[in-house]
Amino acid sequence: MREELEKLKGEAREKILKVKDEKSLERVRIEFLGRKQGKITKVLRSIKDMPPEQRPLIGELVNQLKHQIQKELEERKKNLEKEEKEEYIDITLPGKRPLVGRLHPITQTLEEIKRIFLGLGFGVVGGPEVETEYYNFEALNMPRYHPARDEQDSFYLDNNYLLRTQTSPVQIRVMEKKSPPIRIIAPGRCYRRDAVDASHFPMFHQVEGLAVDKKITFSDLKGCLTYFVHRMFGKETRIRFRPSFFPFTEPSAEVDISCIMCRGSGCRVCSGKGWLEILGAGMVDPEVFKKVNYDPEKYQGFAFGMGVERICMLKYGIDDIRLFFQNDLRFLKQF
Ligand code: PHE
């Protein structure tokens, strides 16, 4: 009997190890431990026909064998599961490209503008988005009754505070703190109560520029902006100054660049004009200098303000400002 059991044990072990999948393993289990026809089960059943004095010993041995086989079956099953999982990793498959974030096109444009002016010796400063009426208008020579205020309908928090409509108030804040020479740009968000359309959004970005020193002239302004335009849009881009009006600069100009689509011959983007307006600029008005206690006889300065969305739209041929703020990855992924 003992020998027979040893044989069964060897047979079971061999079969268990040979098995390659869980189904065949189950078949081996049934072959040995199956309720009806299992080889071990049969031996167990036959014990009752043996001489009574042998029964306990044989019973014990068969039970041991049964547990042994059960243990081996389980172990093999665990190993098979592990092997199966490991086989799932197909190292020849191409890897999944991780989704890498990128800077928003407005941020990229801002960075580029900053880079260009930093190269010209300008520093970068910031200012509050919630401004007082004094800094946003009054100190910029736009008193309460001034019609130029109409163009910049604002979001007021109360009578005194509003969301700034332009970055120009930073000019005042810088001049109040520092004496000339001054060379700064001030990028940041601005707000106006404009109805949303393809070219208007109630929140937008501007970059303000200010240079104050002795003997600063309009040609300095022109040279500086020409350099900027060439770096931003390419050397072939032409620049033109049109007389204009801002309460805080005198003389004032609106600055155009030759249309980057048609190079000046006239197309849909420039409405047939061949030119695109990109910013406002001028020589700092003596009235503004007086507000910050600078002597207008001693110092001159130039200032400019550009819309970042506008620059970005022209640079990349984007025809709707709303695209910047919809967070549509199909749009953003292109930059
Ligand atoms: N702040 C003006 C605007 O928003 C632009 C500007 C800035 C004009 C500086 C002249 C000088 O329209």
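In this predicted model, Arg-242 stands opposite Glu-254 in strand 7. Strand 6 (239-246) is joined to strand 7 (residues 249-258) by seven bridges, and the two run antiparallel. They form a hairpin with two residues between them. The hairpin belongs to an open sheet of seven strands with mixed pairing, in the order 1-4-5-9-8-7-6. Strands 5, 8 and 9 of this sheet each supply at least two residues of the shell around a ligand.

**Sheet order and edges**

- Seven strands make up the open sheet, and the order 1-4-5-9-8-7-6 places strand 1 at one end and strand 6 at the other.
- Strand 1 (123-124) and strand 6 (239-246) each have a single partner strand, so one side of each is left without a neighbour in the sheet.
- Strand 1 and strand 4 (residues 182-191) run parallel and are joined by two bridges.
- Within this pairing, Gly-123 stands opposite Ile-184 of strand 4.
- In general, the strands of a sheet pair through backbone hydrogen bonds, in either the parallel or the antiparallel sense.

**Strand 5 and its two partners**

- Strand 5 spans residues 203-213.
- Strand 4 and strand 5 run antiparallel, with 10 bridges between them.
- Ile-185 has Gly-209 of strand 5 as its bridge partner.
- On the pairing with strand 9, eight bridges connect strand 5 and strand 9 in the antiparallel sense.
- Gly-209 takes part here as well, with Phe-304 of strand 9 as its bridge partner.
- Of the 11 residues of strand 5, 10 are buried, so this strand is largely enclosed by the rest of the structure.

**Ligand site**

- The ligand is surrounded by 15 residues, and the closest are Gln-166, Ser-168, Arg-192, Gln-206 and Gly-305.
- Gln-166 has a polar side-chain atom 2.8 Å from a nitrogen atom of the ligand.
- In the side chain of Ser-168, an N or O atom is 2.9 Å from a nitrogen atom of the ligand.
- In the side chain of Arg-192, an N or O atom is 2.9 Å from an oxygen atom of the ligand.
- On its own the ligand has 330 Å² of accessible area, and the protein covers 92% of it.
- Strand 5 (203-213), strand 8 (275-284) and strand 9 (300-307) each contribute at least two residues to the shell.
- Strand 9 gives the largest share of the shell, with three residues.
- By class, the shell residues comprise eight polar, five nonpolar and two charged.

**Aromatic pairs**

- The whole structure holds 14 aromatic pairs.
- In one of them, Phe-324 and Phe-331, the ring centres are 6.0 Å apart and the planes are at 70 degrees, so the pair is edge-to-face.
- Phe-324 and Phe-331 are both buried.
- These two residues belong to one aromatic cluster that also includes Phe-201, Tyr-316, Phe-325 and Phe-335.

**Cis peptide bonds**

- The peptide bond from Pro-180 to Pro-181 is cis, and its omega is near 0 degrees.
- Pro-181 is placed in the loop between helix 7 (169-177) and strand 4.
- Glu-250 and Pro-251 are also joined by a cis peptide bond, with omega about -5 degrees.
- Pro-251 is found in strand 7, which is the strand paired with strand 6 in the hairpin.

**Positive phi outside glycine**

- Lys-215, a residue other than glycine, has a positive phi near 65 degrees.
- The loop between strand 5 and helix 8 (218-233) contains Lys-215.
- Lys-215 has a relative accessible area of 74% and is exposed, the cut-off for exposed being over 50%.
- Ser-271, also a residue other than glycine, has a positive phi near 50 degrees.
- Ser-271 lies in the loop between strand 7 and strand 8.
- With a relative accessible area of 58%, Ser-271 is exposed.

Note on methods:
Residues numbered from 1 in each chain as written. Predicted model: local features only at pLDDT ≥ 70, side-chain atom pairs only at ≥ 80, totals over all residues. Heavy atoms only, no water. Near = heavy atom within 4 Å. Polar contact = N/O pair within 3.5 Å; in protein donor to acceptor, adjacent residues only side chain to side chain. Areas by Shrake-Rupley, 256 points an atom, 1.4 Å probe, with all protein chains shown as cover. Helix = DSSP H or I, 4+ residues; strand = E, 2+ residues; numbered from the N terminus. Nonpolar A, V, L, I, M, F, W, Y, C, P; charged D, E, K, R; others polar. Pairing = 2+ DSSP bridges. Phe/Tyr/Trp six-rings, centres within 6.5 Å; stacked < 30°, edge-to-face > 60°. Buried < 20%, exposed > 50% of the residue type's maximum accessible area, 1.4 Å probe, protein only.
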